[in-house]
Amino acid sequence: MTTSLALPQSVDDLSKTFGGQLLQPGDGGYDDARQVHNGLIDKHPAIIARCFGAADIVDAVNLGRSLGLEIAVRGGGHNVGGFATTDKGLMIDLSPMKGIHVDAKARKARAQGGVTWAEFNRETQLHGLATTGGVASTTGIAGLTRGGGLAPVDRGFSFRPRIT
């Protein structure tokens, strides 16, 4: 486990190259970033790494490992059990990662981990594409792609989008 002195120095060191935001208790935006869909969940991570790209995710995981912190990953933050956050650990927040690429010719789509079903559907429907997904449009695709949720076209299709 980390010492109270190691965390601030490690965060300061990482902030020099981190593309996203590193938030700690008391920072502006920390309380909003730690909230998840289920209002009964009230956890307080030691640090929130709001990632803007894959390099940020790698750096955040390495930070958590080096400090011995519990790591939670937030895609859309919709998990009812509150697994997208942690007390005194590291929350890796993918919600700023909104990239979507549709290859209409190949009829495939790729999306980053912070995309919601409303955002994904809007982009794919421009090309006449549909996929299984969540019933609630505000749900993040990351958690549901990994095996949860129900959707109107689930019973007829088994395609799952690729999260990048």
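Begin by selecting threonine 85 in this predicted model, a residue of the loop between β3 and β4. With a relative accessible area of 4%, threonine 85 is buried, because the limit for that class is under 20%. Display its surroundings, leaving aside the neighbours within four places in sequence: threonine 85 is in contact with Arg34, Val36, Ile41, Lys43, Pro45, Ala72 and Met91. Two of these contacts, Ala72 and Met91, lead to the next stop, since alanine 72 stands opposite methionine 91 in β4.

**The four-stranded sheet**

Select strand β3, residues 71–74, together with β4. These strands pair in the parallel sense over four bridges. Now add β2, residues 47–50, on the other pairing of β4: β2 and β4 are also parallel, with four bridges between them. Two bridge partners can be picked out here. Isoleucine 47 is matched with leucine 90 in β4, and arginine 50 with aspartate 93 in β4.

Widen the selection to the whole sheet, which is open, has four strands in the order β1-β2-β4-β3, and shows mixed pairing. The edges are held by β1 (21–23) and β3; each has a single partner strand, so one side of each is left without a neighbour in the sheet. On average, and with direction ignored, neighbouring strands of this sheet are turned by 20 degrees against each other.

**The two sides of β4**

Show the side chains of residues 90–93, the extent of β4. In a regular strand, side chains alternate between the two faces of the sheet. In β4, Leu90 and Ile92 point one way, whereas Met91 and Asp93 point the other way. All of these residues are buried.

Next, bring α3 (54–67) into view. This helix lies across β2, β3 and β4, and runs at about 175 degrees to β4.

**The cores**

Which residues touch the most other members of the largest nonpolar core? Select Leu7, Leu22, Ile47, Ala49, Cys51 and Leu90, which hold that position in a core of 17 residues. Two or more residues of this core are supplied by each of α1 (6–15), β2 (47–50), α3 (54–67) and β4 (90–93). In soluble globular proteins, nonpolar side chains tend to be buried together.

Centre the view on alanine 49. Not counting residues up to four places away in sequence, alanine 49 touches Phe18, Gln21, Leu22, Ala60, Leu90, Met91, Ile92 and Asp93. Apart from the largest core lies another core, of nine residues, including Val102, Ala111, Phe120 and Leu144.

**Helix α4 and its aromatic pair**

Phe120 belongs to helix α4, residues 117–125, as does tryptophan 117. The two residues are three apart, about one turn of the helix. Both tryptophan 117 and phenylalanine 120 are buried.

How is the pair arranged? Tryptophan 117 and phenylalanine 120 meet edge-to-face, with 5.5 Å centre to centre and 85 degrees between the planes. The structure holds one aromatic pair.

Add Thr124 to the selection: the buried residues of α4 are Trp117, Phe120 and Thr124. They cover an arc of only 65 degrees around the axis, which puts them on the same side of α4.

**Loop residues to inspect**

Return to the loop between β3 and β4 and select histidine 78. At 23% relative accessibility, histidine 78 counts as partly exposed. Its contacts, not counting residues up to four places away in sequence, are His37, Ala136, Thr138 and Thr139. Histidine 78 and isoleucine 141 are 63 residues apart in sequence, and their C-alpha atoms are 9.9 Å apart in space.

Lysine 88 lies in the same loop, between β3 and β4. Is lysine 88 buried or exposed? Its relative accessibility is 63%, so lysine 88 counts as exposed. Check the backbone here as well: phi of lysine 88 is near 65 degrees, a positive value in a residue other than glycine.

Finish at arginine 107, in the loop between β5 (100–103) and β6 (108–111). Phi of arginine 107 is near 60 degrees, again a positive value in a residue other than glycine. With 54% relative accessibility, arginine 107 counts as exposed.

Methods
Residues numbered from 1 in each chain as written. Predicted model: local features only at pLDDT ≥ 70, side-chain atom pairs only at ≥ 80, totals over all residues. Heavy atoms only, no water. Core = buried A, V, L, I, M, F, W, Y, C linked by side-chain atoms within 4.5 Å. Buried < 20%, exposed > 50% of the residue type's maximum accessible area, 1.4 Å probe, protein only. Contact = heavy atoms within 4.5 Å. Phe/Tyr/Trp six-rings, centres within 6.5 Å; stacked < 30°, edge-to-face > 60°. Pairing = 2+ DSSP bridges. Arc of directions from axis to C-beta. Axes fitted to C-alpha atoms, helices over the stretch in contact; angles between N-to-C directions.
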